[in-house]
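User: I would like to go through the labels attached to this model and see what each one rests on. Please set the values against the cut-offs as we go.

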Amino acid sequence: QVHLVESGGGLVQPGGSLRLSCAASGSIFSIPPMSWYRQAPGKERELVASVASSGTRNYASSVKGRFTISRDNVKNTVYLQMNSLKPEDTAVYYCRLGGPYNAWGQGTQVTVSS
């Protein structure tokens, strides 16, 4: 069984930055893809960024150039550096461990407001 714990959310002013972390623990025997999703009130959950085991990264067009996803395979941790935050980035952010695990974190709230 795999367990994901996210941290780093909070309240930030427009233009500010936050760094989210997601640590995976449990029976992980490979380097699966890891990703960040978000869900704003009244909206569907959407993919924000993903990083494959090869290191290849993909981003939603709305965050490209502002967000950076990275991973530490030794620590089984994925990060999301979020810069130039906008009010429309406000959402609950979830990390996901892909491949055979398909595990989700509990979510962390990010609020961008003045």
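**Labels and their grounds**

Analyst: Leaving aside neighbours within four places in sequence, G16 is in contact with M82, N83, S84 and L85. The model is predicted. G16 lies in the loop between β2 (10-12) and β3.

User: Why is G16 called buried?

Analyst: Buried means under 20% relative accessible area. G16 has 18%, so G16 counts as buried.

User: What makes M82, N83, S84 and L85 contacts of G16?

Analyst: A contact requires heavy atoms within 4.5 Å. M82, N83, S84 and L85 meet that criterion with G16, with residues up to four places away in sequence left out. By contrast, the C-alpha atoms of G16 and T77, 61 residues apart along the chain, are separated by 23 Å.

User: What does M82 touch in turn?

Analyst: Beyond four places in sequence, M82 touches G16, S17, L18, L20, R66, F67, Y93 and V110. M82 is also among the residues with the most contacts inside the largest nonpolar core, along with W36, L80, Y93 and L97.

User: What makes that set of residues a nonpolar core, and how many residues has it?

Analyst: Its members must be buried residues of the listed nonpolar types, joined through side-chain atoms within 4.5 Å. The largest such set here has 30 residues. Elements that give two or more residues to this core include β1 (2-7), β3 (18-26), β4 (34-39) and β5 (46-51). From further along the chain, β7 (67-72), β8 (77-82), β9 (91-97) and β11 (108-112) do so as well.

User: Why is V48 called buried?

Analyst: The cut-off is under 20%. V48 has 1% relative accessibility, so V48 counts as buried. The residue is found in strand β5. Its contacts beyond four places in sequence are W36, Y37, R38, N58, Y59, A60, V63, F67, L80 and Y93. The C-alpha atoms of V48 and V112 are 16 Å apart, with the two positions 64 residues apart along the chain.

User: And A103, buried or exposed?

Analyst: A103 has 10% relative accessibility and therefore counts as buried. It is found in strand β10. A103 touches V2, L4, C95, R96 and L97, not counting residues up to four places away in sequence. A103 and S113 are 10 residues apart along the chain, and their C-alpha atoms are separated by 30 Å.

User: Why is K86 called partly exposed?

Analyst: Partly exposed lies between the 20% and 50% limits. K86 has a relative accessible area of 35%, so it is partly exposed. K86 sits in the loop between β8 and β9 and touches R66 and V112, leaving out residues up to four places away in sequence. K86 and S17 are 69 residues apart in sequence and 9.8 Å apart in space, C-alpha to C-alpha.

User: What makes the phi values of N76 and N102 worth a remark?

Analyst: Most residues other than glycine have a negative phi. N76 is not a glycine, and its phi is near 50°. N102 is not a glycine either, and its phi is about 45°. N76 is found in the loop between β7 and β8, and N102 in the loop between β9 and β10 (103-104). Set against the limits of 20% and 50%, N76 at 24% is partly exposed, and N102 at 44% is partly exposed.

User: How do you know that the overall dimension agrees with a compact globule?

Analyst: The protein has 114 residues, for which a compact globule would have a radius of gyration near 13 Å; the value here is 13 Å, so the two agree. Along the principal axes, the C-alpha atoms fill a box of roughly 45 × 25 × 25 Å. Of the 114 residues, 42% count as buried. Among contacts with a separation of 6 or more, 54% come from residues 24 or more positions apart.

User: Which elements make up the secondary structure?

Analyst: The protein has 0 helices and 11 strands.

User: What is known of its surface and charges?

Analyst: The accessible surface comes to about 6000 Å², and 48% of it belongs to carbon and sulfur atoms. There are 11 positive and 6 negative side chains, and the centres of the two sets lie 5 Å apart.

Definitions and conventions:
Residues numbered from 1 in each chain as written. Predicted model: local features only at pLDDT ≥ 70, side-chain atom pairs only at ≥ 80, totals over all residues. Heavy atoms only, no water. Helix = DSSP H or I, 4+ residues; strand = E, 2+ residues; numbered from the N terminus. Rg over C-alpha atoms; globule rule 2.2 N^0.38 Å. Buried < 20%, exposed > 50% of the residue type's maximum accessible area, 1.4 Å probe, protein only. Areas by Shrake-Rupley, 256 points an atom, 1.4 Å probe, with all protein chains shown as cover. Lys, Arg positive; Asp, Glu negative; His and termini not counted. Charge placed at Lys NZ, Arg CZ, Asp CG, Glu CD.
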